[in-house]
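Hi everyone, thanks for making time this morning. Please pull the model up on your screens, and I'll walk you through its helices and a few residues that caught my eye.

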Amino acid sequence: MANVVLIGATGFVGSAILNELLSRGHKVTAVVRNATKLPKNDNLTAVEEDVANVDAIANIAKGKDAVISAYNPGWTNPDIKHLIEVNYPKIVEAVKKSGVGRLLIVGGAGTLFVKPGLRVVDSGAIPAEIMDGVRPLGNFYLNDLTKEHDLDWVFFSPAGMFEEKGERTGKFRLGKDDLIIDPKTNSSHISVQDYAVAMVDELEKPAHHKERFTIGY
């Protein structure tokens, strides 16, 4: 059983990861904006805190086995671009300050390659209305995280599409930097439940270190 901090535990992806963690008996400290949205569970401790507060997040994480970040300011938040640019480096700083060595990040698909030399973010496939959330997270991975050598981090990119009403099948493929395409549908997709399975698998049995990996059917 691991003792982990989960940032963003009430979000779309974060709530799926939280459910997977608790179902496997892990102890979770959930850092959220609104603790009333969390389920009741003996292995769950809720903390309402701002991820921008480096000292507070570092104190919360101190002594834990790992930090999982599913931080997202919200796709409809007009400040999403600025908040991602400012707060993700602060999350890294807080984890380093806490002494926790392992950081698992819910990444984006934008920096995956659809073909040699062409990333999803530059392919025209991403709607303009969500680009302010996609590009800053990709830039954080490319420009900041890849230069981080003190933490044992992973940036876990989903497939091109998340299936909110998908199933927890436990059957999927993992890759590194290329978008995974389902040969049956010729599309890139994964259920949020299976994404959570793979994230917690990585927590339990680390297979990736200081690198990005991805998932798809």
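Before I start using labels: helices here are DSSP runs of H or I with at least four residues, strands are E runs of at least two, and both are numbered from the N terminus. Please also keep in mind that this is a predicted model.

Let's begin with H3, which runs over residues 80-98. This helix has 19 residues and reaches 26 Å from its first C-alpha to its last, close to the 27 Å expected at 1.5 Å a residue. Just after H3 comes Gly99, with a positive phi near 90°. Which residues of H3 are buried? They are Ile80, Ile84, Asn87, Tyr88, Ile91, Val92, Ala94, Val95 and Ser98. As for what they pack against, you'll find strand E1 (3-7), helix H2 (54-61), strand E4 (66-69), E5 and H4.

Two of those partners are helices, so let me take them in turn. How do H3 and H4 pack? Their axes are 8 Å apart, and the angle is about 30°. That angle makes H3 roughly parallel to H4, and H3 passes H4 in a right-handed crossing. If you zoom in, H3 brings Ile80, Lys81, Ile84, Glu85, Tyr88, Pro89 and Val92 to the contact, while H4 brings Asp132, Gly133, Pro136, Leu137 and Phe140. Sorted by class, this H3 and H4 contact holds 8 nonpolar, 1 polar and 3 charged residues.

Now rotate towards H2. The axes of H2 and H3 are again 8 Å apart, but the packing angle is about 45°. H2 and H3 are therefore oblique to each other, and their crossing is right-handed. On the H2 side, look for Val54, Asp55, Ile57, Ala58 and Ala61; they meet Lys90, Glu93, Ala94, Lys97 and Ser98 of H3. Here the class count for the H2 and H3 contact is 5 nonpolar, 1 polar and 4 charged residues.

Let's stay with H4, residues 131-144. At 1.5 Å a residue, its 14 residues should span 20 Å, and the end C-alpha atoms of H4 are 19 Å apart, which agrees. Buried in H4 are Met131, Gly133, Val134, Pro136, Leu137, Gly138, Phe140 and Tyr141. The cover over these residues includes H3, strand E5 (102-106), strand E8 (152-157) and strand E12 (211-216).

One residue of H4 I'd like you to click on is Tyr141. Is Tyr141 buried or exposed? Its relative accessible area is 8%, so Tyr141 is buried, since the cut-off for buried is under 20%. Leaving out residues up to four places away in sequence, Tyr141 touches Thr111, Thr146, Trp153, Phe155, Asp177 and Arg212. Along the chain, Tyr141 and Gly108 are 33 residues apart, and their C-alpha atoms are separated by 9.2 Å.

Next, back to H1, residues 12-23. Its 12 residues should span 16 Å at 1.5 Å a residue, and the end C-alpha atoms of H1 are 17 Å apart, which agrees. The buried set in H1 is Val13, Gly14, Ala16, Ile17, Leu18, Glu20, Leu21 and Leu22. After H1 comes Gly25, where phi is positive, near 85°.

From H1 we can hop over to H5 (residues 192-204), which contains Val192. At 4% relative accessibility, Val192 counts as buried. Among residues more than four places away in sequence, Val192 touches Phe12, Val13, Ala16, Phe162, Glu163 and Glu164. Trp75 is 117 residues from Val192 in sequence, and the two are 16 Å apart in space, C-alpha to C-alpha.

Last topic: backbone angles. Most residues other than glycine have a negative phi. Where does Asn186 lie? Asn186 is in the loop between strand E10 (173-175) and strand E11 (189-191), and although it is not a glycine, its phi is positive, about 55°. At 65% relative accessibility, Asn186 counts as exposed. The second case is Lys210, in the loop between H5 and E12. Lys210 also has a positive phi, near 55°, and with a relative accessible area of 40% it is partly exposed.

That's my tour. Thanks for listening, and I'm happy to take questions.

Terms used
Residues numbered from 1 in each chain as written. Predicted model: local features only at pLDDT ≥ 70, side-chain atom pairs only at ≥ 80, totals over all residues. Heavy atoms only, no water. Expected span 1.5 Å × (residues − 1). Buried < 20%, exposed > 50% of the residue type's maximum accessible area, 1.4 Å probe, protein only. Axes fitted to C-alpha atoms, helices over the stretch in contact; angles between N-to-C directions. Parallel < 35°, antiparallel > 145°, perpendicular 65-115°, else oblique. Left-handed = near helix turned anticlockwise from the far one by under 90°. Contact = heavy atoms within 4.5 Å. Nonpolar A, V, L, I, M, F, W, Y, C, P; charged D, E, K, R; others polar.
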